[in-house]
Each structure stands twice: as structure tokens, then as C-alpha cells.
Amino acid sequence: MTLIGAGVLILILGVIASLMHWGEHHEAAGEVAGHLNPAHNASSHEEGHSVLLRRIIVSLWHSNVFFIGVSVVGTVFMAIQYVAYAGWSVVVKRINEALSAWLIPGGVLLVILFVIGRHDIFHWTHDGIMTKGSANYDRIVAGKSGFLTFGFYLVRMISYLVIWAVFSWRLRQLSLAEDLNGGTSYFHTSVTTAALFLVLFAVTSSMSAWDWVMSVDVHWFSTMFGWYVFASWWVSGIAATALIAIFLKQAGYLRFMNSNHFHDLGKLIFGFSIFWTYVWFAQFMLIWYANLPEESVYFNQRLGGFEGRYTWIFYFNLVINFAFPFLALMTRDAKRQMIMLKIVCIAILIGHWSDFYLMIMPGTMKGENGFLIEIGIALIFLGAFLILVTRRLAEASLVPVNHPFVEESVHHTT
Amino acid sequence: MTSPAALATPVAPATDSATHSATKRFALGIFDDEDVLLHAIDNIRGAGVKIYDVFSPYPVHGIDDALGIERSRLPIAAFFYGMCGLAFALWLQIYTLGFDWPMIIGGKPHIALPAFIPVSFELTVFFTCHGMVITFYTISKLYPRIKTPVLDVRSTDDKFVMAIELDEHSSQLPKLTQLLRENGASEVNQKEMTKF
């Protein structure tokens, strides 16, 4: 089993090497472009770094928030399976565990980014914005001063990350101990741990969405936003699980995984793509219908604002995250054949990365957004993410041999 | 096909042998256990006998594959019901709100597609689910009728009933009885059914 894992590691390391190379290449290209346009550096932005540095910091934040979400969803998915006493998903459990390998490094990076680059990402961190009489004073932002302060924000951010990391670690340890010692006591402890984690995650996922993503557009607010970000993370996390399972299966591992398991993962991806659209639409339609200026500014910026530079990605977002998975995964065969599922999973991961792009960029980069640096950074993140995930996959057997439901999972039929 | 026989009501055995044309004869193998049944299906089909149908009190995992039943084409029908519902919903809203009686609501255009999405969604689901239920009941002959034929009422309780169609003289019956017995049937009966 270690050998299998090592094989996977080497296999994917090769992929990563090329990915990293592309990433650096793109970034260099972006840098040149940035230097060629010195006019942009003289923007009217009061505080923070040059456009190039701002782009790098913002896109680091953007990709990191996306990958942390995918990472924690691994644990959430597993926790839900535990609480539901679900048997079928045991074959992908180790992939879920491995996804959370990114949590700690990603979390540390997120804290560092906030401390160093907060002026570039968050308008509300600017000096004097909450002080009456200051030139920068903004009454609406000042009204949120109880919640959006440097110290409180940092404490909240660290607590979400610590809660997620601790529970991921705990469930992983229980699972590893179960491999060694067997017995059902580990399973029952895991169920309790998972239930507690889900309650905490329900709160922290929403709050992290407000903090990390919604406070970018600090004047704006939406009560759907927590769900919206969660839906995006959730469907990407399931797509990542399915995609890793497909790669492992095609490399000759996960022999117990068959088309019935892929069918179920496919159904979840299909269903939650629709769920994401549902949440997206629930947010969009109320804002569109009420047409209150303070709410509809969010969609004005994305639909035609900044000389229409976000308009195409707005529609692209809907097509790739809803229309494509909806039509492509509709038939039974599409969910059972790895090739179709693989295409859809990749599309969904790209789609939800651009969903986060659309959430973060208009509020931070405004009219100075770009793609080369962002894609380059996303690829570097992907490489680092895959190194950690595959390393953790290699650490333990790909089948949790003593899990009480492993037999049920192997004989799963849909 | 494993019909949910619990929905059916028992009926007296068809004694009228005058109506030969509509009468079918069956050998009924009664099984007590689901696993025995599944193995028996494999063996009996392996012996070249065509199984008419199997009746069970509840859905049995893997029985469709064992019986070699083709996948249902119901999803295809469902897709078209959904399209009908969607078309109807769009027509209804665009015609009524856009042409027949245009009204300004909330300063929006007469044909405001985002506002039409919820109704379109609901009607699509409505048409799909009703269409599917009606189609399923019709093709499974579960629609309401005065006399519902049931081969053996115990298939609504705790027995699995395998029906194999016989020819007019029941000539294969002794052989079949032996085959069913060998494969774990607890009893083998013969039954005639009209209008089945």
C-alpha cells in the first residue's frame, strides 16, 4: 500500500513539476505586462501597493480562499457521511482526509496575507475610514466598526482555521488508529466528533464567507452570501474528490471503486451544481427585483461595470457552473463513465475558481483586473495543493481496512 | 419486474377455462429467501428457461440484472415531460404578461425573464413528476380497476413468487417443478390467469 502511495506521489509530482513551470512562466509574462503599463501605478487608490503587487496579493487571497474551501470540504463531506452512517463513501474516505492537508499551510498563508496585504484587499482597513472627521471617513463602513476591526477579524479568522484544522486532524487520527487496531469504538467516536464539527462548521463557514469574501465589497451585504460561498466550496470539494478518485483509478489504484461509486459522486456533483445555481439565483433575483441602489451595485459592477470587463465572466460563470454540468451529467451513463465525469469535474473546478474571481476582483482590483498572474498563481497553488494531498494519500492505505462499513462500500450498487 | 404487489388486491383463481385465448398458465415457484431466489434466477435462466416475472414484497437489490431486465426508458419520457412543462410555463407567462394583458410590475419589462424562472421551474417539475407517475402506473398496470390479478397473494406479504409461463397443455410442468425444487423453491403451484 505504501508502494501504491509512493507511485501516486511520483506520478503526480511529475504533473506538478510541469504545472509549476507553467505557473512561473505565466507569472513572468504578467509581470512584463505590468511593467509595460506604468500609468496604472499612478492610480488614485489612497493606500496599498502598486497595481502589480496588489494583483499578486489579491489573487493569492483569491486562490487561497478557494483552495482552503476545497480542503475543508473534504472533512465536511466525510463528517456528513459519518453522521449519516453512510457506507458507500468509504472507498473515497481517504481522499477526503487527504484534501484537508492544505488547511494548515493555507491557513497560515491566509493569516500572513491578511496581516501584510489587508490594505490591498479590504477597503475597510484603510486609515481613518471609521474615524469621524477624517478625510477618509465613510459612514456606512463606520457603522460596521464593531465587527470589522483588525484584532477581532484576526481572532475570528484564526478560530475558523483552528477549528477546521483540529477537527480534520482528529478525524484523521481516529481513522488511522482504526486501521491499526480495528473495532467499532473509533467509528462511534468519529460520529460524535463529526457531529460536533458539522455544527461548528455551519457557523464558521458562513462567517468566514462574510469575512473573507463579502467584506471585500464592504458597503454591500447579502444574507444569502454564506450559503453562496459554501455552495461554491462544497460542489468544488466534491468535484475534487471525484477527480482525484478518477486519477487514482486510472493509475490502477482504488480497485474497489467502481462505476456505482462514481455514479453517486456524479449525482452529488449534478445535484449541488443545481443547488449552487439555486442559491445564486435566490440572491440575484431578489436584488434584481427590489432594485435598491445599495444592493444592486454589486451586480451593476459585474454586469457592465468597469467598461463591461466582468460581463463575459458573469455569463461564463453561469454556463460552466450550471448549464454545462446540468446537461452533461444528466444521463446515467455520463455519471458512470469516468471520461465524462472527469471533464465535468475539471470544468466545475475552473468554474468555481472563476466564481470566486467574480466575487473578489471587482471589489479589489476594480478596472485593473487581469488573468495571467491570477491563473499562474492558481496553478502554483494547485501544484502545492497536490503535493500535500498526494503526500497525505501516500501516508496510509487507500482503503480504510477496519472501517465498519468498508464491506458495504465495496458491494455498493445503485 | 418487481411490481409493488402490495398495492394490488387478491382475486379468486380463474376457473373459467372456456376463454382459452386470453388465458395464460403459469408455474409458480414460491421462495422464502431473497438470496436463494437470486441464485435460483441465475440457475433457472442458465438452464434456458424463460422467466415470465418475479413478484416480491419489496424491491430486491440486483434482481433487475439477474432477470436481465432492460433499463427503464422512463427517464427519457421524463425529459420530454419536463420540456413540455417548461414550454407551457414560458408560453403562459410570456403570452399573458407580455401580450394578452401587459402590466408594469416593479418597473420591470413586460417580459422579464428572471421573474419567470421560479414559475418555469415549478411547472417543469410539476409536469415531469405527474407525467412520470402516470406513465409508470400505466405501463405497470397499477391503474385503478375493478379486478386486479395477483398470481399469489403471499407475494404481498413474505414470499417471493417466480412465474414461468407454460404452454396450453402444461407439458413442461414436471420438469419445471423439479428444476424449481432443486433451486430452493419451497413449493411449486400451477395457476391459470385470464386477462393478465
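These questions and answers deal with helix packing, burial and chain contact in a predicted model.

Q: Why are helix 2 of chain A and helix 15 of chain A called oblique to each other?
A: Their axes cross at roughly 40 degrees. Angles under 35 degrees count as roughly parallel, and roughly perpendicular starts at 65. The angle fits neither class, so the pair is oblique.

Q: Where do the axes of these two helices run in the chain, and within what distance do they come?
A: Helix 2 covers residues 51-83 and helix 15 covers residues 372-395, both in chain A. The axes come within 9 Å. Helix 2 of chain A passes helix 15 of chain A in a right-handed crossing.

Q: Which residues in helix 2 of chain A meet helix 15 of chain A?
A: Among them are Arg55(A), Ile56(A), Leu60(A) and Phe67(A). Their partners in helix 15 include Glu374(A), Ile377(A), Phe381(A) and Phe385(A). By class, this contact has eight nonpolar, four polar and two charged residues.

Q: What makes a residue of chain A count as buried, and what percentage does?
A: The cut-off is 20 or more other C-beta atoms within 10 Å of its own. Of the 414 residues of chain A, 46% count as buried.

Q: How many helices and strands are there in chain A?
A: Chain A has 16 helices and zero strands. Among its contacts between residues at least 6 apart in sequence, 81% join residues at least 24 apart.

Q: What does each chain bring to the contact between chain A and chain B?
A: Chain A gives five residues and chain B gives six. The chain A side has four nonpolar, one polar and no charged residues.

Definitions and conventions
Residues numbered from 1 in each chain as written. Chains lettered and ligands numbered in written order. Predicted model: local features only at pLDDT ≥ 70, side-chain atom pairs only at ≥ 80, totals over all residues. Axes fitted to C-alpha atoms, helices over the stretch in contact; angles between N-to-C directions. Helix = DSSP H or I, 4+ residues; strand = E, 2+ residues; numbered from the N terminus. Parallel < 35°, antiparallel > 145°, perpendicular 65-115°, else oblique. Left-handed = near helix turned anticlockwise from the far one by under 90°. Contact = placed C-beta atoms within 7 Å. Nonpolar A, V, L, I, M, F, W, Y, C, P; charged D, E, K, R; others polar. Buried ≥ 20, exposed ≤ 12 C-beta atoms within 10 Å, placed from the backbone.
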